[in-house]
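The following exercises concern one protein chain and are to be worked with its sequence and structure at hand. Each task is followed by a solution in steps.

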Amino acid sequence: MNRSLREFRIRGVKTNIPFLLNVLENQKFLNGTIDTTFIDEHPELFHFSASQNRAQKLLNYLGNVLVNGPLTPLATDLKPAEVRQPVPETPIGNPPKGLKDVLNAEGPEGFAKAVRNHEGLLLMDTTFRDAHQSLLATRVRTRDLLKISPFVSHKFSGLYSLENWGGATFDVALRFLHECPWERLDAMRKKIPNIPFQMLLRGANAVGYTSYPDNSVYKFCDLSVQAGMDVFRVFDSLNYLPNLILGMDAAGQAGGVVEAAISYSGDISDPSRTKYTLDYYLNLADELVKAGTHVLCIKDMAGLLKPRAASMLITALRERYPDLPIHVHTHDTSGAGVAAMLECSRAGADVVDVAVDSMSGMTSQPSMGAVVASLHGDERDTGFNLPDVSQYSAYWETTRTLYAPFECCTTMKSGNADVYQNEIPGGQYTNLQFQAYSLGLGNQFEEVKEKYKEANQLCGDLVKVTPSSKVVGDFAQFMVQNKLSASDVLERAEELSFPSSVVEFFQGYLGEPYQGFPEPLRSKILKGLPTVEGRPGASMPSYDFESAKKTLEETHERISDYDAMSYAMYPQVTTDFLNFRKNYGPVDKLNTRIFLTGPKIIVNFGVAVPLGKSLRTLRVESAKQPSLTDEQLIRPETNRAVHSNGYLESTALKGVCVGPRVRARVLWSMSTAFPAKFLQTRLKEVKTGKKSMLLVISGTMKIGVNGVQQGCPEGFAVGQTMKMPASILKSFLTITPK
C-alpha cells in the first residue's frame, strides 16, 4: 500500500496521499493499537514532506538528452559501447580484515608502524581515481565504481589503501557528472569497510585551484574524515612548505593519516640538472618529518623518476629515516614505470602505486599485474593472486568502453619517453591534448609540448603539478596560439595580455616557487599589479559557513554541511549542480550509456529510485508548432504510467537565443548564416529616403542590415548579449521598435 501510494501521481490538485503515507508509517497504526483519538494525539501526521518527484525529473533529463544531445560535454564523437559489465562473483559474508581495521584500532601512529613492519611490498590501487583521471578525463561515475567495490573489498583486502577521492574527482563529479562527491565517498565506504581510503589534498588549495581561508581547509578535512576518508596525501604544487604544512596540520587534526608528499621534478641522476638535486629532496624531507608526517611520499607526477634515480633517492631516504614508511607514486608515460617501482622496492620503499592492468600504462600508473607477477615468490611478494587481478582487470576493460567519448587513446596511442624532456604530468597530458584539439591546435600538439618546455623555463623551471602545471599548460597554448617564441615573450611581455592563471601565479597566489620568481619577466607581466607575500591563505578572512548554508537554503531544500563545504570550494559549480539536481533528479542512478547519450526508443531499462521504480521510453514524435517553435514530443512511461512532455530543440545550448524561425513577409525579421554575438547596435539614417540601417557588430565581422520598410522607426531593441547559432534560417533576430 505504501509503495502504491508513493507511485500514484495526481497533478494540479491537492490530495490526502501525504497524510495517508504518514499514517501508514506510524508505528502505533502498524501495531494496531490505535483508538478514535489517534489523529488528535498525533499532529505530526499533518507534517508533510514535499515529494522529490525523482522519476519525473529523470524523465525530463532523458527527454532533453534525446532532443538536444548530451547534457555533459563529450570530448570526442565516439559513442559509449553497448556492453554488459562482467562483475566477478564476490564471496558471501564479511570481507577479510585489512589495514583499515588496524587504523581504527590503533590510530594513525599504529597504522604507520604496521606499514613499516610489513615484510612484502604494499600496493596502493589508483584505479578508482588517478588512473581514470589520467586515461578517461576523470569521468568514471560512482555507479561503475560501486559495482566492483565488493569484489575489491574481498579480494584486495591487503592493499595499503585505495585511492578514490580528491584531486580533480571532486570538481568533475559536480561539474560534469552531476554527482555529489560526498555521497560517492559515503557509498564506497559502505561497500568497502576494510581497506583504507586515500585522497589527494592540494595543501592549502584543498581540492581547488586557488588558495582558500585556513578554516575552509580545516573544515574540509574534518568533513572528509566523517564521510569515510583515512589517508591524506598532502602536497603543494610548488613544494612550498607553508602551504604543505597547513594541509598536513588540517589532515592531522581531523584524525587522518598524514602522508606528506614531495613532488619530484628534474633528474637527480643527471649531474647537469642542478636545481632539484638529491640534497634538495633530503632537506625537504627533513622539514616534513619535523612537521609530523606519518608517511613520507615521493610524488612523481610526470613519471620522471628513472630506475637509477629511484634507487638513489629511496636509498638515501631509507638510510636517513629507517623507521618512517616511504610511499612512491609515479606515472607510466615513458613506459619505465614498472622498472622504477621495482627499483624503489629493492631500495626500501614500503608502498608503491599501481593501477589494475586494463587501466594502467601510458599516463596512468604502472600495471598492478606486472608488479604482482614480478615479485611472486620474492621476499617482497605482494601477497595478491594474479587470477584475481585478471578478473578485476576484465571488469575495467569492458567498463572503459562505456567512456569512449573521453578515451585518451583517441589522441594518444602509446607511451612516450619525450616526457623526460617536456615534463608534462600524467594527469595533465591527455587533458592538454584534448584542449589543444578543442582550440584547433590538434595538429600542433608537438609544438604545444615544445612550448610547454619553454614556458616552464620562462616561469623559472617549476615543480609542475595541479595547479602549477595548469599555469605552464595555459602559458604554452598561449604561446602557440599567438606564435610566440620564448624570446618574443621576454621582449614583448609588457604589451601582451597573458592568461589569468599565469598572471595570478606571478602575483603569488599559489605561493612562492623554489628559488623565487624570474625577473624581470615577473615585473613585466604584472605591470604594477599587487603581489602576495608569503602564504596566500594566511591573510584571508575566515569563511562564513553558516552564511553560505543559509544562502543555499534560500533556493534549495535538504542542504547539508557537505553542500556548504562544496560551495566554499566551488561556489558557482556547486550552485549549478544543485540547480541541475533540482531540475533533473538523481541522474547518477542512470546507467552510464543512458546518462551520456540517452536511451534507445522502445527499450526497457531500470532505475532504482527508489527500489522497484523503472523507466521506459516508448517513442519520440515530432510535434510541429505552427507559430514560434519546433518541439519534439517525448512519451515516456514510468511503471506503466505514460507521460507526455515537449522539449524545445537547442535548450542544451547555454546562452543561445532560441525563438521562431525566420518568417516570410514579416516586418523586421531577418536571418543570420553566421555565428555571432551582438555586441553593439547603431542606427544610421539614410538621407535619401526613409530607410535605416542596423549595424550588427560581432566578434570578428561587421554586418550591415538595411531596413526596407518605409516609416522605419528611429530605434530598435536588440539584446546586447544575444548569441545566434550558425545554421541558415534556423536562427533569427526579430527587430522591434523601442
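**Exercise 1.** Determine how many residues of strand S6 (residues 295–299) are buried, and how they are distributed over its faces.

*Solution.* Step 1: five of the five residues of S6 are buried, where buried means under 20% relative accessible area, exposed over 50% and partly exposed in between (1.4 Å probe, protein chains only). Strands (E, at least two residues) and helices (H or I, at least four) are DSSP runs, numbered from the N terminus. Step 2: one side carries Val295, Cys297 and Lys299, the other Leu296 and Ile298, and all are buried, so that both faces are covered.

The model is predicted: local features need pLDDT of at least 70 and side-chain atom pairs count only at pLDDT 80 or more, while totals for chains, interfaces and linings use all residues. Residues are numbered from 1 along each chain as its sequence is written, and side-chain values use heavy atoms, with hydrogens and water left out.

**Exercise 2.** Identify the strands that pair with S6 and the β-α-β units that contain S6.

*Solution.* Step 1: strand S5 (residues 257–263) runs parallel to S6 and is joined to S6 by five bridges; pairing requires that DSSP find at least two bridges between two strands. Glutamate 259 has valine 295 of S6 as its bridge partner. Step 2: strand S7 (residues 326–329) also pairs with S6 in the parallel sense, over four bridges, and histidine 327 in S7 is the bridge partner of cysteine 297. Step 3: a right-handed β-α-β unit is made by S5, helix H13 (residues 278–290) and S6, and another by S6, helix H14 (residues 307–320) and S7. Right-handed means that, with the strands pointing away from the viewer, the path from the first strand over the helix to the second runs clockwise.

**Exercise 3.** Aspartate 171 lies in helix H9 (residues 169–175). Is aspartate 171 buried or exposed, and which residues does it touch?

*Solution.* Step 1: aspartate 171 counts as buried because its relative accessibility is 4%. Step 2: leaving aside residues up to four places away in sequence, aspartate 171 touches Phe176, Tyr209, Tyr570 and Val573, contact meaning heavy atoms within 4.5 Å.

**Exercise 4.** State what share of the protein is buried, and what share of its contacts between residues at least 6 apart in sequence joins residues at least 24 apart.

*Solution.* Step 1: of the 738 residues, 53% are buried. Step 2: among those contacts, the share is 71%.
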